[in-house]
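Open the model in your viewer and keep the sequence panel beside it. Each stop below says what to select, then what is there.

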Amino acid sequence: MRLVHLLRAVSVEFGLRQAEFAARNSMHDTDVRALICLLDAARADEPATAGLLGARLGLHSAGTTSVIDRLERLGHVARVRDDRDRRRVLLRVEPRAIRLGQEFFGPVIDGLLAALDTFSAAERDTVRRFLTAAHVVLGAEGSR
């Protein structure tokens, strides 16, 4: 149980940092989660649509539109036409939002990477397997 409690504590700390970032940048917590979802989609080379974002955030279409509108007004997200299907609108995180995220979360990420550097490859693989399993369990439990 100690690892489960530690994972929860880490999750709470991440949530607190996200809330602080949101407050500093005139965003809602959901806006930050939306940016993370969009950045994850870009990293996975996945088309980031409003439907994808709504599904990942558990929002209905009106709520998703509100989030996108807020992020667009703040200059963090742009709606762009899909080059392959001009009828489809994709969401792109703007460089300004990426820069803000790097400035705020960069030191945290650097600290985490430094901590990981003290682990052997086998230990990092064990951590990766545990976090992947935790992600799967949390995702499965959340869909009930």
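Which residues have the most contacts inside the largest nonpolar core? Select Phe21, Met27, Leu35, Leu38, Leu53, Leu71 and Leu91 and show them as sticks. These belong to a core of 23 residues. Bear in mind that this is a predicted model.

**Stop 1: who builds the core**

Color the chain by element. At least two core residues come from each of helix H1 (2-24), helix H2 (29-43), helix H3 (50-57), helix H4 (61-73), strand E2 (89-93) and helix H5 (95-116). H2 is the top contributor, with six residues. The grouping fits a general tendency: in soluble globular proteins, nonpolar side chains tend to be buried together.

**Stop 2: Leu53 and helix H3**

Now center on Leu53. What does Leu53 contact beyond its neighbours within four places in sequence? Pick Ala34, Cys37, Leu38, Thr64, Ile68 and Leu91. Two of the names, Leu38 and Leu91, are already on screen as residues with the most contacts in the core.

Widen the selection to H3. Leu52, Leu53, Gly54 and Leu57 are buried in this helix. Their cover includes H2, H4 and E2. Step past the end of H3 to Gly58, where phi is positive, near 70 degrees.

**Stop 3: the whole chain**

Zoom out and switch to cartoon. How many helices and strands does the protein chain have? There are six helices and two strands. In sequence order they run α-α-α-α-β-β-α-α. The C-alpha trace spans about 45 × 35 × 25 Å along its principal axes.

Of the 144 residues, 27% are buried. Consider contacts with a sequence separation of 6 or more: 45% of them join residues 24 or more positions apart.

Turn on the surface. The accessible area of the protein chain is about 10,000 Å², and carbon and sulfur atoms hold 58% of that area. Then color by charge. There are 22 positive and 19 negative charges, and their mean positions lie 3 Å apart.

**Stop 4: salt bridges**

Hide the surface and display the charged side chains. The chain has 13 salt bridges. Visit these examples.

Select Arg56 and Glu46. Their side chains form a salt bridge, with N to O at 2.7 Å. Arg56 sits in helix H3 and Glu46 in the loop between H2 and H3, so the pair ties together parts ten residues apart in sequence. Arg56 is partly exposed, at 41% relative accessibility. Glu46 is partly exposed too, with a relative accessible area of 30%.

Next, select Arg88 and Asp82. The N to O distance in this salt bridge is 2.6 Å. Is each partner buried, or partly exposed? Arg88 counts as partly exposed, at 31% relative accessibility. Asp82 is at 2%, which makes it buried, since the cut-off for buried is under 20%.

Then go to helix H6 (residues 121-142) and pick Asp125 and Arg128. The closest N and O atoms of this salt bridge are 3.4 Å apart. The two residues are three places apart in the helix, about one helical turn. An α-helix has 3.6 residues a turn, so residues three or four places apart point the same way. Asp125 is partly exposed, with 34% relative accessibility.

One more selection: Glu13, Arg17, Glu20 and Arg24. Salt bridges with shared partners link these four into one network.

**Stop 5: two loop residues with positive phi**

Finish in the loops. Where is Ser26? Look in the loop between H1 and H2. Ser26 is not a glycine, yet its phi is positive, about 55 degrees. Ser26 is exposed, at 59% relative accessibility.

Move on to the loop between H2 and H3 and select Asp45. Here again phi is positive in a residue other than glycine, with a value near 55 degrees. Asp45 counts as exposed, at 72% relative accessibility. The loop between H2 and H3 also holds Glu46, the salt-bridge partner from H3's Arg56 at the previous stop.

Methods
Residues are numbered from 1 along each chain as its sequence is written. This is a predicted model: local features need pLDDT of at least 70, side-chain atom pairs count only at pLDDT 80 or more; totals for chains, interfaces and linings use all residues. Side-chain values use heavy atoms; hydrogens and water are left out. A nonpolar core is a set of buried Ala, Val, Leu, Ile, Met, Phe, Trp, Tyr and Cys residues joined through side-chain atoms within 4.5 Å. Buried means under 20% relative accessible area, exposed over 50%, partly exposed in between (1.4 Å probe, protein chains only). Helices (H or I, at least four residues) and strands (E, at least two) are DSSP runs, numbered from the N terminus. Contact means heavy atoms within 4.5 Å. Accessible areas come from the Shrake-Rupley method with a 1.4 Å probe; for residues, only the protein chains shown count as cover. Lys and Arg count as positive and Asp and Glu as negative; His and the chain ends are not counted. The place of a charge is taken as NZ of Lys, CZ of Arg, CG of Asp or CD of Glu.
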